[in-house]
Structures are given as C-alpha cells and as structure tokens.
Amino acid sequence: PGFTSVQDCVCPEATYTVELEDGSKLCQICGEGSHCQGYDHAPEAAEGYYLHAATSTGLSIFKCKDEMFCPGGTVGTCSEGRHGISCD
C-alpha cells in the first residue's frame, strides 16, 4: 500500500525537496544559516547569510561579512546595491 495523505508525500519542516535526473524526489536537510518550511517550499537563507544554490548534495550558503548586506531570502538575495557571494 502507498501513502494515504498528501503530507506523507512531501518533505517535512527543516528539509527541502530535490528533484533528481530520473524524476524521483528526495528530501535534503537544511543546515546552519537557512530556513526550510518543507512541503515543497524553496529553502531560504537566514538573515546574515547568502544562499548561492540549493542542489541534491546540499545548500551552497555563505555567512556574510556584515549582516546588513544579507537580509536572508531566496537564492541570490542581497541588500539593495549589493551583489555576488556574501553580497559585497
């Protein structure tokens, strides 16, 4: 028998969904400097961190030199006028 609830078919909180080349999906654990709501929501960086990428091998996330440069958010989010890894 399969799952009986749609909640059983999505990733739980503190993880994010990764789709593999064969079309299957897996749940990857979020780490320090990130927020993951689960349920197919994209991972987000916490304030003071820059999210460069989210892949099947994990998050590429960097701690910023100055928290004001990195407000947190989705991949590539920097404060206005800032850009690149660590929002320099």
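**Note on a six-stranded model**

1. Gly81 sits in the segment that follows strand S6 (58–63). Strands here are DSSP runs of type E with at least two residues, and helices are runs of H or I with at least four residues; both are numbered from the N terminus. Gly81 is exposed, with a relative accessible area of 70%. Three words sort the residues: buried is under 20% relative accessible area, exposed is over 50%, and partly exposed lies in between (1.4 Å probe, protein chains only). Now look from Gly81 to Lys65. The two are 16 residues apart in sequence, and their C-alpha atoms are 15 Å apart in space.

2. A word on the basis of these values. This is a predicted model: local features need pLDDT of at least 70, side-chain atom pairs count only at pLDDT 80 or more, and totals for chains, interfaces and linings use all residues. Residues are numbered from 1 along each chain as its sequence is written, and side-chain values use heavy atoms, with hydrogens and water left out.

3. Start with the whole chain. What is the count of helices and strands in its secondary structure? There are zero helices and six strands. Read from the N terminus, the elements run β-β-β-β-β-β. The C-alpha trace spans about 50 × 25 × 20 Å along its principal axes.

4. Next, the surface. The chain has 88 residues, and buried ones make up 32% of them. The exposed area of the chain is about 5800 Å², of which carbon and sulfur atoms supply 51%. These areas come from the Shrake-Rupley method with a 1.4 Å probe; for residues, only the protein chains shown count as cover.

5. Charges come next. The chain has 4 positive and 13 negative charges, and the mean positions of the two sets are 10 Å apart. Lys and Arg count as positive, Asp and Glu as negative; His and the chain ends are not counted. Each charge is placed at NZ of Lys, CZ of Arg, CG of Asp or CD of Glu.

6. Now the cysteines. A disulfide is a covalent bond between the sulfur atoms of two cysteines. Here the test is a pair of cysteine sulfur atoms within 2.5 Å. By this rule there are four disulfides. Number the bonded cysteines in sequence order, and the pairing reads 1-2, 3-4, 5-6, 7-8.

7. Take Cys11 and Cys27. Their disulfide has an S to S distance of 2.1 Å. The link is left-handed, with -95° about the S-S bond. Why does this pair tie together parts that are 16 residues apart in sequence? Because Cys11 lies in the segment before strand S1 (15–19), while Cys27 lies in strand S2 (residues 25–29). Is each partner buried or partly exposed? Cys11 is buried at 3% relative accessible area. Cys27 is partly exposed at 41%.

8. Cys30 and Cys36 also form a disulfide, with sulfur atoms 1.4 Å apart. This link is left-handed, at -65° about the S-S bond. Cys30 is buried, with a relative accessible area of 14%. Cys36 is buried as well, at 8%.

9. Cys64 and Cys70 pair with their sulfur atoms 1.7 Å apart. The torsion about their S-S bond is about -85°, so this disulfide is left-handed. Both Cys64 and Cys70 are buried.

10. Which residues does Cys70 touch, not counting those up to four places away in sequence? They are Glu47, Gly48, Tyr49, Tyr50, Cys64, Ser79, Ser86 and Cys87. Contact means heavy atoms within 4.5 Å.

11. Cys70 also belongs to the largest nonpolar core. Such a core is a set of buried Ala, Val, Leu, Ile, Met, Phe, Trp, Tyr and Cys residues joined through side-chain atoms within 4.5 Å. This one has six residues: Tyr50, Cys64, Phe69, Cys70, Cys78 and Cys87.

12. Follow Tyr50 out of that core. Tyr50 lies in strand S5 (residues 49–55) and is buried at 7% relative accessibility. Tyr50 and Thr74 are 24 residues apart in sequence, yet 8.6 Å apart in space, C-alpha to C-alpha. For the chain, take contacts between residues at least 6 apart in sequence: 31% of these join residues at least 24 apart.

13. Last, Gln28. Gln28 is part of strand S2 and is buried, with a relative accessible area of 18%. Setting aside neighbours within four places in sequence, Gln28 is in contact with Ala14, Thr15, Tyr16, Val18, Thr55, Ser56, Thr57 and Gly58.
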